[in-house]
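Reader: Hello! I am new to reading protein structures, and I would like to learn how the words people use are backed up by numbers. Could we go through one together?

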Amino acid sequence: MLFNSIDFAIFLPVVFLLYWFFANRNLKFQNFIIVVSSYVFYGWWDWRFLSLILFSTILDYSIGYKLNKENHQTKRKILLWTSIIMNLGFLGFFKYYNFFLDNFIAAFSFFGTEVNTNSLNIILPVGISFYTFQTLSYTIDIYKRKLEPTKDLISFAAFVSFFPQLVAGPIERATHLLPQFYRKRTFEYSKAVDGMRQILWGLFKKIVIADNCSRYANMIFNNSDEYSGSTLVLGALFFTFQIYGDFSGYSDIAIGTSRLFGFNLKQNFAFPYFSRDMAEFWRRWHISLSTWFRDYLYIPLGGSRGNTWIKIRNTFIIFIISGFWHGANWTFIVWGTLNAIYFLPLLLTNNNRNNLKIVAQGKSLPTIRELSSMLLTFGLTAFAWIFFRAKNIDHAFSYISKIFSTSLFETPILHEEKKALIIIILVMLFVLTEWFGREEQYAISNIGYFEKRIYRWGLYLSICFLIFIFQGKQQEFIYFQF
Amino acid sequence: MQQYIKHVVLFLLIFLCSIVLLDITLSFIERKYSDFKIKSDPEYIVIGHSHPECSFNDSMITNLKNLAESGESYYYMFFKLKQVIDQNESIKVVFVEYSNNQINENMNKWIWAEKYINFRYPQYSSFMNISDKLILARNNPTGYLNSFSLALKKKTYSILKQDFDYSNKIGGYLYLERDKTDSLVNSITSKKTPLNKLSISEYNLDYLSRILQYCEAKRKKVILIRSPMHKKYSGYSNELFYNKIRNEKYPNIEYLDFSKFPLTNSEFGDLEHLNFKGAKVFSKWFSDILNNGLLDKTDKQAFINDEIQARMHSNDVYKK
C-alpha cells in the first residue's frame, strides 16, 4: 500500500478511528490494533512475506529474552550471532543471491571456466532492509546491556512492524521506539495537527517534486545517448531532487503518521542539500541509516580512532557497505566508494565536524562563502547520484563522459519544454520553502506559528491545490526497492 | 479529539468544494466558448476508431468529414458527437463505425485505463455530466483523480490562452504509410473464439445506444458501418456474436458492411487498417457510390454488394 494511494487514504482514517475510539482505554488493545493494521498494510502488497516479519519477530523476541537471562559470555555471543546470521541471511538471500551468483559466474568465466548455474527469480520483500536493521538493533542493544528485553510480544511485534515506517524507515532504534509501546498513548490535538502538517509536506515532496522530476530524470537517463551534455546535467539534477523528494517525502509521511498515533520518530532528513561539506551532508541525509552504521559498524571497527590507515579502512568499509545496502548492483558500491573519497579528506584533516550547526542560523541569506560551499557540496552529491541512478557502471561512465564533452555548452533540449519549465519553477519554490524552514524539523512546521487560522488554512489549502493540480504520474517510492 | 476530527473534516470539505467549484466554473466557460464548427460545412460525418480513421480519406469524398480517432471508444465519441451535431447544422448523415472489436470487453480499457483516460477525459470533461464521470471514478479511482487534475490544468490553459477551437482536435483522416500485411498474414495461426466465451463491454455499447438516440433526437440520419478489413483479420472470430448484438440492440438502424471491400495486401497497413493506398482506392469508390445515390437506395447493402462484385470481376487482382 503506497502512502500516495487511495487505498492508504481510506486505510489511515479507519485505523485512526479504531485506534482512538475503540482502543483508547487499553494499552494492549492499542498495540494490538497497531500490529493488525501493520500486517494488513504490509500484506496488502504481498501477504506471503508476512511470514518473514512474523519469523523475525518471534526469533528476535526469543533471543532477546534469552540474552538477558544468560550470563555466560560465549553463549551470549552464540545467541547474538544466531540473530545476526538469521536476519542477515534472509536479507542476503532475497537481496543479494542473484548478484553474488552472477559475479561468481563472471569471475569463473574470466579465468576461462564456464559454470552453469541458474539464477532464481526472487521477489525482494518490500522493506526487508529496513525492518531487518531495526530488529538487529534490538538484539545488539540487549547484548550490550543497553536495553532490557520486552516480555510483551505484542509490543515487540508492534515495534517490528509499525506500519508508518515498516517499508522505508526511518530505521528506529529499539531504545527509542520500543519504550513508546509500553506507555498508553493519549490523544494530543497539537501533536496530531503537527502530524497532518508533516504528512501534507511529505505528500507535496513526493507527488509534486519527486513524481514530476522522475518523468524527466527517467526520460534523460533512459535515453542518455540521445541528449547533449548540458541536458544530461539537467537529468542528474532532476534525479537529485527526485530522490530527495521521494525519500524525505516518505520519511515525512511516516513521521507525521506516527504522530497521529501518538508516537515520535526521529528526524531522518535535516535539509541535506544545504550542507556545506560532505561530512555535514551525511549527518543530514538518511540520518537513521547513517547513525545505525555509525553505532553498529563504524564504532565497533574502531571508528576514527587509531592510525590513518585504520581511519581510511573504516571509512571505506562503512560507505561501501552503505552503498551495497541500497542494492545488489556495482553502481551502488561505486556510489558508496565515491562518497568515501569525498569524505576522507575532511576526516584526515580533522575538518569533518566543522559545520555542526544549520547554515546561516538566524539569518535569511547565507554568506558568499557558505553559498559556494553549499553549491560545491550539492554538485558533488548530484555527481555521485549519477552512479546511483545509472543502469550499470558502463552506463554511468558513458553518461559522465558525455557530460564532459563539448555538448556541455549546448542549450539543453527537452521534450515538452513548457512542462519542464513549470517543474523547474516548482522545484525552485520548494527549495525556497525548505530554505526558510530549515531551522525546523520540516520545512512548513512554522506555519503552525501563525495565530490566525485563516492564514494557516490558506497555506494548507494552497499546498493541497499544488498537490492536486501538479500531481505527477503515481510512482512507487524509490526506497521500496531497498 | 472531536474538535480535531471536526477541523479535519471541515478542511477537507472546503478543499473539495473549492476544487469542484473551480471545475464547474472552468467547465462552464469552456462549454460556453467551445468551437466545434467544421469549416467545410459537411453533410456527412464519419465517427469511430482507427479503422474508419485510416479508411475514409475525406479530401477525396465530397461533403464528408472524417472525425474518427484512434483508440476512441463510444463513451468519449458520444460527448464529441453531441457538440459537433449541435454546432454544425449542415450535417445530415452520421456514419458510425460498428466493428468487431468495438463490442469486446477490452473496450472498457479504452474508457478508463490510464493511457486513455489521461488523454480523453481532459478533452471532453467539460461536456460530461456527473453520471458519466461516476463511471470513470468507480472503475479507476486513481486514474480518474489524476485525469481530473489534468483536466483542470487543461481548462485553465485553454481559458488563459483563449483557445477554444476544437475543430482540429477531434479526429480526422490518418495517412498510414506502413505496409506489413504480408508478414502478418504469414505469421497467422487462426483460432476462433467460441461464442460462449466472449464477453462484451456493456458500457461501450450503452454509449453507442446513446449516440444513436441523440442523432435520432436531432433528426440526423445515422448509419452503422464497418470499414474494410483484411479477410484474415482475427477480429472476425466473434462474427456471430457481433451480428447477434447488432440485431438485438439496434434492429432499426441501417448497417452498411464494407469489410469485404476488395483490396490487395499492399493496400492494407495491417490486417485491420488500410494504408494510404487502400484508403485512396476505397475513398474514391465510396465517393462514387455516394454520388450515385447510395443513400437513396432501399436496399443499400445489396447495392454495395453488387458494386463490390462488379469491382472484383473487373480486376483479377482481387479474385485471389
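Reader: Are A:Arg284 and A:Glu280 buried or exposed?

Author: Both A:Arg284 and A:Glu280 are buried. Please keep in mind that this is a predicted model.

Reader: What makes the contact of A:Arg284 and A:Glu280 a salt bridge?

Author: A nitrogen and an oxygen of the two side chains are 3.0 Å apart. The cut-off is 4 Å between a side-chain nitrogen of Lys or Arg and a carboxyl oxygen of Asp or Glu, so the pair qualifies. Both residues belong to helix 10 (residues 278–284) of chain A, and being 4 residues apart there puts about one helical turn between them.

Reader: Which residue meets A:Asp246 in a salt bridge?

Author: That is A:Lys206, with 2.8 Å from N to O. A:Asp246 sits in helix 9 (residues 229–260) of chain A and A:Lys206 in helix 8 of chain A, so this salt bridge ties together parts that are 40 residues apart in sequence.

Reader: Why are A:Asp246 and A:Lys206 called buried?

Author: The word applies under 20% relative accessible area. A:Asp246 has 2% relative accessibility, so A:Asp246 counts as buried. A:Lys206 has 0%, so the word fits A:Lys206 as well.

Reader: How do you know that B:Asp86 and B:Lys218 meet in a salt bridge?

Author: Their side chains come to 3.5 Å, N to O. That is within 4 Å, so the name applies. B:Asp86 is part of helix 3 (residues 74–87) of chain B, while B:Lys218 is in the loop between helix 9 (202–217) and strand 4 (221–226) of chain B, so parts 132 residues apart in sequence are tied together.

Reader: What makes B:Asp86 and B:Lys218 partly exposed?

Author: Partly exposed covers the range between under 20% and over 50%. B:Asp86 has a relative accessible area of 36%, and B:Lys218 has 39%, so both fall in that range.

Reader: How many salt bridges does the structure hold over all chains?

Author: There are 31 salt bridges over all chains. Some are linked up: B:Glu69, B:Glu72, B:Lys80 and B:Arg120 form a network of salt bridges.

Reader: Why does A:Glu370 have no salt bridge?

Author: The nearest side chain of opposite charge is that of A:Arg276, at 4.2 Å. A salt bridge has to be within 4 Å, so this pair does not count. A:Glu370 is nevertheless buried. A:Glu370 is found in helix 14 (residues 368–389) of chain A. Leaving out residues up to four places away in sequence, A:Glu370 touches A:Arg276, A:Val359 and A:Ala360.

Reader: What makes A:Tyr19 buried?

Author: A:Tyr19 has 0% relative accessibility, which is under 20%, so A:Tyr19 counts as buried. A:Tyr19 is found in helix 1 of chain A. Apart from neighbours within four places in sequence, the contacts of A:Tyr19 include A:Asn24, A:Arg185, A:Phe261 and A:Phe263.

Reader: How far is the backbone oxygen of A:Phe261 from a polar atom of the side chain of A:Tyr19?

Author: The distance is 2.9 Å. The C-alpha atoms of A:Tyr19 and A:Phe261 are separated by 7.7 Å, although the two residues are 242 residues apart along the chain.

Reader: Why is A:Val193 called partly exposed?

Author: A:Val193 has a relative accessible area of 22%, and the word buried is kept for values under 20%, so A:Val193 is partly exposed. A:Val193 lies in helix 8 of chain A.

Reader: How many residues of chain A and chain B are in contact?

Author: 25 residues of chain A are in contact with 22 residues of chain B. The area buried between the two chains is about 2200 Å², and carbon and sulfur atoms give 78% of that area. A:Ile6, A:Trp457 and A:Phe468 supply 27% of the area that chain A buries against chain B, more than any other three residues.

Reader: How many salt bridges and polar contacts are there between chain A and chain B?

Author: The count is 0 salt bridges, but 6 residue pairs are in polar contact, with both residues at pLDDT 80 or more. On the side of chain A that touches chain B, helix 17 of chain A gives the largest share, 8 residues. By class, that side has 20 nonpolar, 3 polar and 2 charged residues.

Definitions and conventions
Residues are numbered from 1 along each chain as its sequence is written. Chains are lettered from A and ligands numbered from 1 in the order in which they are written. This is a predicted model: local features need pLDDT of at least 70, side-chain atom pairs count only at pLDDT 80 or more; totals for chains, interfaces and linings use all residues. Side-chain values use heavy atoms; hydrogens and water are left out. Contact means heavy atoms within 4.5 Å. Buried area is the accessible area (1.4 Å probe) that two parts lose on being put together, summed over both. A polar contact is a pair of N or O atoms within 3.5 Å; within protein, one must be able to donate a hydrogen and the other to accept it, and residues adjacent in sequence count only if both atoms are side-chain atoms. Helices (H or I, at least four residues) and strands (E, at least two) are DSSP runs, numbered from the N terminus. Ala, Val, Leu, Ile, Met, Phe, Trp, Tyr, Cys and Pro count as nonpolar, Asp, Glu, Lys and Arg as charged, and the others, Gly among them, as polar. Buried means under 20% relative accessible area, exposed over 50%, partly exposed in between (1.4 Å probe, protein chains only). Lys and Arg count as positive and Asp and Glu as negative; His and the chain ends are not counted.
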